[in-house]
Amino acid sequence: MAKSKDNGAKKERPVREAAYNSGKPVPVVYGPDAPDEGYREKLGAPGEYPYTRGIYPTMYRGSLWTMRQYAGFSTSADTNARFHFLLGNGQTGLSMAYDLPTQLGLDSDDEAAQDDVGRLGVAVDTAQDMADVFEGIPLDKVSVSHTINSTAAIIQAFWLIAAERQGVALDKLRGTFQNDMLKEYIGRGTWIFPPRPSMRLVADIIEYNAKHCPRVNAVSVSATHIAETGATLAQDVAFPILNALAYIRELTSRGLHVDDFVPTMSFHLSVGGGVGPFNLLESIGKLRAARRIWARTMKEKYGAKNPKTMQLKFSTGNCGSRMAAREPLNNIVRQTLYTLAAVMGGTRSVNMACFDEAFEIPSDESIRTALRIQQVIAHESGVADTVDPLAGGYAVEAVTDQVEEEIQAIVDDYESRGGIVPFIESGEIQRLLARQAYEHQRKIADGEQVWVGVNKFTSEEEDRMSAGEGLYEADDSALEKQKERLARVKAARDEGEVAAQLEKLARACESKENLVPYLMESARARLTVGEMTGVMRGAFGAYVEPSVV
Amino acid sequence: MMSTNKRIRVLMAKPGLDGHDRGVKVIIHALRDAGMEVIYSGLRQTVEQIIAVAIQENVDVIGLSILSGSYMGIARRLMARIKEEGLDDCLVIFGGNILERDVAGLKSLGVAEVFNHHADMTEVVSYIRNNAAAGAA
């Protein structure tokens with residue numbers, strides 16, 4: 001590969017200086033001296049169609065990826081303190097975890113919520129809780145990623161109102177709502193309503209945000225949970241793309257064009273999850289292939305004209321399945337490899353599992369370590385100095401093409417049969433992934449797939465973490481504290497106003513109108529997550545799981 | 001191997017709000033491959049629903065998979081109902097994210113065995129085969 005003079009890379013913003021050990025400057029990007037047709041068609045310069053080499057010309061020389069770790073627990077005051085701690089440690093964005101009752105539309109005083117209030121995330125019952133989570137955190141300065149799906153429309157309403165109270169205009173807000181319902185049926189399980197009304201809610205948020213808060217990604221089409229449920233490397237891109245195409249159809253059927261709303265859609269791709277062996281090069285190739293497939297699909301099949309529609313924006317992460325419970329410090333090396341793959345594959349944001357992920361909610365120490373891994377890679381590895389550093393290598397280009405072909409074949413197969421939704425409704429996708437997860441597990445049990453420290457090179461080292469040492473301790477007082485907070489909000493409301501608002505929301509659910517403005521109004525009237533979900537369940541019905549195993 | 005015994009009937013259940021079901025589905029596959037009859041409850045089952053299915057299906061084993069950490073409250077309520085219903089010969093096992101320090105507490109409530117993040121699925125299969133009333137020789 002010839003040395004280059006940043007050919008093709010438009011310098012839109014000032015780039016960070018970088019030098020080799022010799023003192024010579026590191027070019028922002030390397031490429032062919034004379035780009036031929038093949039190069040332009042398959043790769044293109046970074047920031048150019050088909051975006052194989054990245055969606056920005058200067059990538060991490062312009063600005064580093066966003067480093068965020070998933071956090072949130074107990075009550076709004078505790079989560080607020082954790083957020084201040086993370087921002088104080090140099091984290092550049094927040095990733096908010098909600099407790100299961102909030103994710104499932106149950107108020108903290110609901111009998112069914114009692115074991116789980118504030119346990120796996122923060123309890124948010126009303127707009128007041130959200131305002132308190134962001135006390136002293138200016139929402140026009142910090143981007144916030146929200147892991148919320150079934151109740152995303154309600155929770156986003158709370159967040160928009162928290163911003164309103166801070167005096168921040170909606171178009172200044174930056175963040176992401178996961179709002180990816182189809183993958184909940186495939187793998188994550190926080191569904192409430194059947195798929196079709198859920199897709200309406202997803203589409204309502206996308207339509208609203210595209211118009212009113214375009215820098216708030218209205219959906220994060222997620223691969224990580226699908227991977228963790230038992231997908232192969234190609235499936236963990238193909239299935240999210242199929243889900244995204246289903247959402248897109250929901251919006252185009254409302255008369256919108258992809259350029260009107262796809263720029264507010266983002267993806268959360270998986271690195272180091274799923275079934276089968278992990279391979280660093282193949283993972284990098286996968287991220288590059290995903291960008292190329294998306295660009296071509298949007299341009300060629302959907303007639304996109306806006307480059308932002310064609311640019312696959314994604315964050316990357318993994319869940320805990322490859323974080324071993326035996327010799328857990330080895331997980332730090334695994335996280336490093338996955339983070340390296342994500343960065344060399346051109347991610348915009350990284351949140352990786354923590355080394356104690358197999359046991360409990362990550363401790364302060366393991367969260368800090370996860371952040372430090374990213375910081376070391378950013379500042380001590382040099383890989384952030386060169387855009388798409390492996391491009392042009394025989395291996396990485398061959399594997400990119402290979403994975404692209406595999407992903408495209410799966411996408412085309414389901415699309416030719418009417419899209420993925422019917423196969424989720426019937427449970428076929430769920431059963432396929434369950435079978436693959438079992439096969440993966442059998443290979444680990446047989447030693448066919450090596451897991452260092454678990455089924456090969458094992459030790460009899462004492463397991464300090466299983467004993468509970470150094471682990472996060474759940475806050476048993478969260479339930480009572482949160483119930484008191486909720487009771488205070490409820491006591492201060494005008495019951496007549498609440499009843500009228502519930503009635504109004506019910507009528508809107510029965511109509512075809514966009515529900516977001518109604519939910520914001522309800523949030524202002526201090527309606528709770530449980531009350532709003534109850535109205536929606538009345539209109540939409542409840543989901544009944546098909547046979548999934 | 002199964003000729004002298006009737007097939008072991010297992011109810012695998014996901015109680016509480018936790019939606020992580022990869023593990024439970026892997027175990028279900030393993031138990032079925034081992035010749036057992038397995039009923040899967042689906043997600044978010046209450047203790048009452050689990051008890052009702054266990055009685056109706058006349059199962060030998062109830063396996064609960066919990067990854068949210070909220071196993072203690074569930075265990076207390078479930079084991080109390082099992083005693084009330086006289087299901088004492090039903091083998092109850094727990095799996096998932098369960099800390100070693102809590103295992104003794106679960107067993108004192110009547111939980112027969114706990115399979116946490118260290119457990120191999122083959123251990124679960126052989127434990128059930130050796131300890132379920134229908135399977136024990």
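This is a short tour of a predicted model, going from a sheet in chain B to the contact between the chains and then to two places in chain A.

**The sheet of chain B**

Begin by selecting the strands of chain B that form an open sheet of five, arranged in the order β2-β1-β3-β4-β5 with parallel pairing. The edges are taken by β2 (37–40) and β5 (113–115) of chain B, and because each has a single partner strand, one side of each is left without a neighbour in the sheet. If you look along the sheet, neighbouring strands are turned against each other by 20° on average, direction ignored.

Next, select residues 9–13 of chain B, which are strand β1, together with residues 61–66 of chain B, which are strand β3; the two run parallel and are joined by four bridges. Within this region, Met12(B) is found opposite Gly63(B) in β3(B).

Move on from β3(B) to β4(B), where six bridges join the two parallel strands, and where Ser65(B) stands opposite Gly95(B). To see how the chain passes between them, add helix α3 (residues 71–85) of chain B, which makes a right-handed β-α-β unit with β3(B) and β4(B). From β4(B) the chain then crosses through helix α4 (residues 100–108) of chain B to β5(B), in a β-α-β crossover that is also right-handed.

Stay with β4(B) and show its side chains. Leu91(B), Ile93(B) and Gly95(B) point one way, whereas Val92(B), Phe94(B) and Gly96(B) point the other way, and all are buried. Since six of the six residues of β4(B) are buried, this strand is largely enclosed by the rest of the structure. On the way to the sheet edge, β4(B) pairs with β5(B) in the parallel sense over three bridges, and Gly95(B) has Phe115(B) of β5(B) opposite.

To finish with this sheet, select residues 121–131 of chain B, which form helix α5; this helix lies across β1, β3, β4 (91–96) and β5 of chain B, and runs at about 165° to β5(B).

**Where the chains meet**

Now show both chains and select the residues in contact, of which 30 come from chain A and 28 from chain B. On the side of chain A that touches chain B, the elements that give two or more residues are α4 (100–103), α9 and α18 (428–446) of chain A, and α18(A) gives the most, with six residues. If you colour this side of chain A by residue type, it divides into 14 nonpolar, seven polar and nine charged residues.

**Ala234 of chain A**

Select Ala234(A), which lies in the loop between α9 (224–230) and α10 (235–252) of chain A. Is this residue, Ala234(A), buried or exposed? Ala234(A) counts as buried because 23 other C-beta atoms lie within 10 Å. Leaving aside neighbours within four places in sequence, the contacts of Ala234(A) are Val403(A), Glu406(A), Ile407(A) and Ile410(A).

**Helix α14 of chain A**

Last, select residues 330–344 of chain A, which make up helix α14; at 1.5 Å a residue its 15 residues should span 21 Å, and the end C-alpha atoms are 22 Å apart, which agrees. Its buried residues include Asn331(A), Arg334(A), Gln335(A) and Tyr338(A). To see what covers the buried residues of α14(A), add elements including α12 (280–301), β9 (314–317), β10 (349–351) and α15 (364–380) of chain A. Just after the helix, Gly346(A) takes a positive phi of about 85°.

Terms used: Residues numbered from 1 in each chain as written. Chains lettered and ligands numbered in written order. Predicted model: local features only at pLDDT ≥ 70, side-chain atom pairs only at ≥ 80, totals over all residues. Pairing = 2+ DSSP bridges. Axes fitted to C-alpha atoms, helices over the stretch in contact; angles between N-to-C directions. Contact = placed C-beta atoms within 7 Å. Buried ≥ 20, exposed ≤ 12 C-beta atoms within 10 Å, placed from the backbone. Nonpolar A, V, L, I, M, F, W, Y, C, P; charged D, E, K, R; others polar. Right-handed = clockwise from strand over helix to strand, strands pointing away. Expected span 1.5 Å × (residues − 1).
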